[in-house]
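I set out to record what I looked up in this entry, one topic at a time. The notes are kept terse.

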Amino acid sequence: MNVIEINNLTKTYGKSRGITDVSFTVEEGEIFGFIGPNGAGKSTTIRTLLSLIYPTSGSAKIFGKDCVKFSPEIKKQIGYLPSEVFYYDNMKVIDLLKYSASFYKKDCSQRIKELAEIMDLDLTKKIDDLSLGNKKKVGIVQGLLHEPKLIILDEPTSGLDPLMQQKFFDLLEEENNKGATILFSSHILSEVQRLCDRVAIIKEGKIVTVEKIKTLKENNYKKFKIETIDPVETSVFQLPGVTKLEGNGTIISFLFKGNINRVLKRISEINIANLWIEEPNLEEIFLHYYEREA
Ligand SMILES: Nc1ncnc2c1ncn2[C@@H]1O[C@H](COP(=O)(O)OP(=O)(O)OP(=O)(O)O)[C@@H](O)[C@H]1O
């Protein structure tokens with residue numbers, strides 16, 4: 001079942017572009033990454049899904065229901081962590097969280113305690129006295145206290161130190177194991193790569209690709225580095241599919257996309273000392289998509 005279904009969603013802000021013709025689906029139980037640089041349209045897409053802003057054209061469904069028409073009903077099942085959190089500074093953390101919990105028809109007090117303990121958050125403090133990272137933690141607890149079926153996170157880790165990021169990721173994985181679907185927007189590729197099953201890449205308001213992270217890596221180019229016993233002319237590896245060919249005598253490196261046997265055949269004709277074949281990381285793939293589309 002699709003928990004999120006976005007169909008040709010377009011949002012313009014007056015004359016300026018927000019997003020254009022965005023379509024993708026997120027299946028139940030997935031951790032789905034949404035990546036793109038600043039200004040690409042991630043927040044616009046998310047805010048439209050939550051009916052905080054309305055689409056210029058196109059539509060989206062959450063849990064099979066139109067996200068504008070059924071917004072109040074849908075929102076009860078969603079945990080949302082916005083990219084920037086703003087609070088009434090005078091309130092105590094616990095009072096704010098109790099207030100947030102009052103929107104849901106269930107007792108969330110035990111879960112608030114558990115989450116605060118995991119995230120090392122002092123519930124008795126005034127919001128005013130909290131650091132930026134601790135304010136972010138309040139947002140995390142606020143987003144998860146009602147055990148939502150769908151968790152939508154917009155750049156969630158900014159302000160968190162590495163230890164807290166780790167705890168937060170563990171928490172998300174736990175929620176996912178319990179059945180929650182997660183939409184995770186970020187421009188930090190390593191965290192998307194670590195956490196997500198599939199990813200949509202957005203650039204200048206348009207979806208560039210939607211793919212499994214595993215497939216993205218497998219179907220991409222491979223990085224070759226070859227150490228030879230005797231110096232070899234780099235031109236030996238001037239084959240179709242080879243790019244970024246570099247060499248200095250006994251070390252040759254290049255990128256290759258295509259039938260790998262072609263390269264291996266050429267390698268077998270040479271006396272080699274060592275060989276490394278690596279898959280590109282997500283960052284390299286991402287740049288590759290951007291260069292290709294440019
Ligand atoms: N309220 C607004 N009024 C006018 N233009 C806007 C508004 N909000 C966003 N935009 C524009 O829409 C485009 C997409 O912005 P959006 O905030 O969705 O991107 P993003 O991918 O979330 O980036 P970031 O990571 O910087 O938040 C940008 O060109 C931005 O300038």
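The entries below cover the domains, the sheet, the helices that lie across strands, the pairing of strand 11, and the ligand shell.

**Entry 1: model and domains.** I noted at the outset that the model is predicted. I then looked up the domain assignment of the chain, which gives domain 1 as residues 2-217 and domain 2 as residues 221-278. For the spacing, I read that the centres of domain 1 and domain 2, taken over C-alpha atoms, are separated by 44 Å. I also consulted the UniProt record, an unreviewed entry, which places the feature "domain: ABC transporter" at residues 4-229. Over residues 4-229 I found 33% helix and 31% strand, and the end C-alpha atoms of this span lie 55 Å apart.

**Entry 2: the open sheet.** I asked in which order the 6 strands of the open sheet run. The order is 6-7-8-3-9-10, with mixed pairing. At the edges I found strand 6 (78-81) and strand 10 (206-212), each of which pairs on one side only. Neighbouring strands of this sheet are turned by 15° against each other on average, direction ignored. I examined one pair in detail: strand 3 (residues 31-35) and strand 9 (residues 198-203) run in the parallel sense, joined over 4 bridges. Within strand 9, Ala-200 is the bridge partner of Phe-34.

**Entry 3: helices across strands.** I next looked up which strands helix 1 lies across. They are strand 3, strand 7 (150-154), strand 8 (181-186) and strand 9, and helix 1 runs at about 145° to strand 7. Helix 5 (residues 132-144) lies across strand 6 and strand 7, at about 170° to strand 6.

**Entry 4: strand 11.** I then turned to the partners of strand 11 (residues 222-228). Strand 11 pairs with strand 13 (residues 251-256) in the antiparallel sense over 6 bridges, and Lys-222 stands opposite Phe-256 of strand 13. Strand 11 also pairs with strand 14 (residues 272-278), again antiparallel and over 6 bridges. There I recorded Ile-272, in strand 14, as the bridge partner of Thr-228.

**Entry 5: the ligand shell.** Finally, I asked which of the 15 residues around the ligand come nearest. They are Tyr-13, Asn-38, Lys-42, Ser-43 and Thr-44. The elements that give two or more residues to this shell are strand 2 (16-27) and helix 1 (42-49). By class, I counted 10 polar, 3 charged and 2 nonpolar residues in the shell around the ligand.

Conventions: Residues are numbered from 1 along each chain as its sequence is written. This is a predicted model: local features need pLDDT of at least 70, side-chain atom pairs count only at pLDDT 80 or more; totals for chains, interfaces and linings use all residues. UniProt positions are given in the numbering used here, feature names are shortened, and annotations may be inferred rather than shown by experiment. Two strands pair if DSSP finds at least two bridges between them. A residue is near a molecule or strand if its C-beta atom, placed from the backbone, lies within 6 Å of it. Ala, Val, Leu, Ile, Met, Phe, Trp, Tyr, Cys and Pro count as nonpolar, Asp, Glu, Lys and Arg as charged, and the others, Gly among them, as polar. Domain bounds come from an automatic or database domain assignment. Axes are lines fitted to C-alpha atoms, for helices over the stretch in contact, and angles run from 0 to 180 degrees between N-to-C directions. Two residues are in contact if their C-beta atoms, placed from the backbone, lie within 7 Å.
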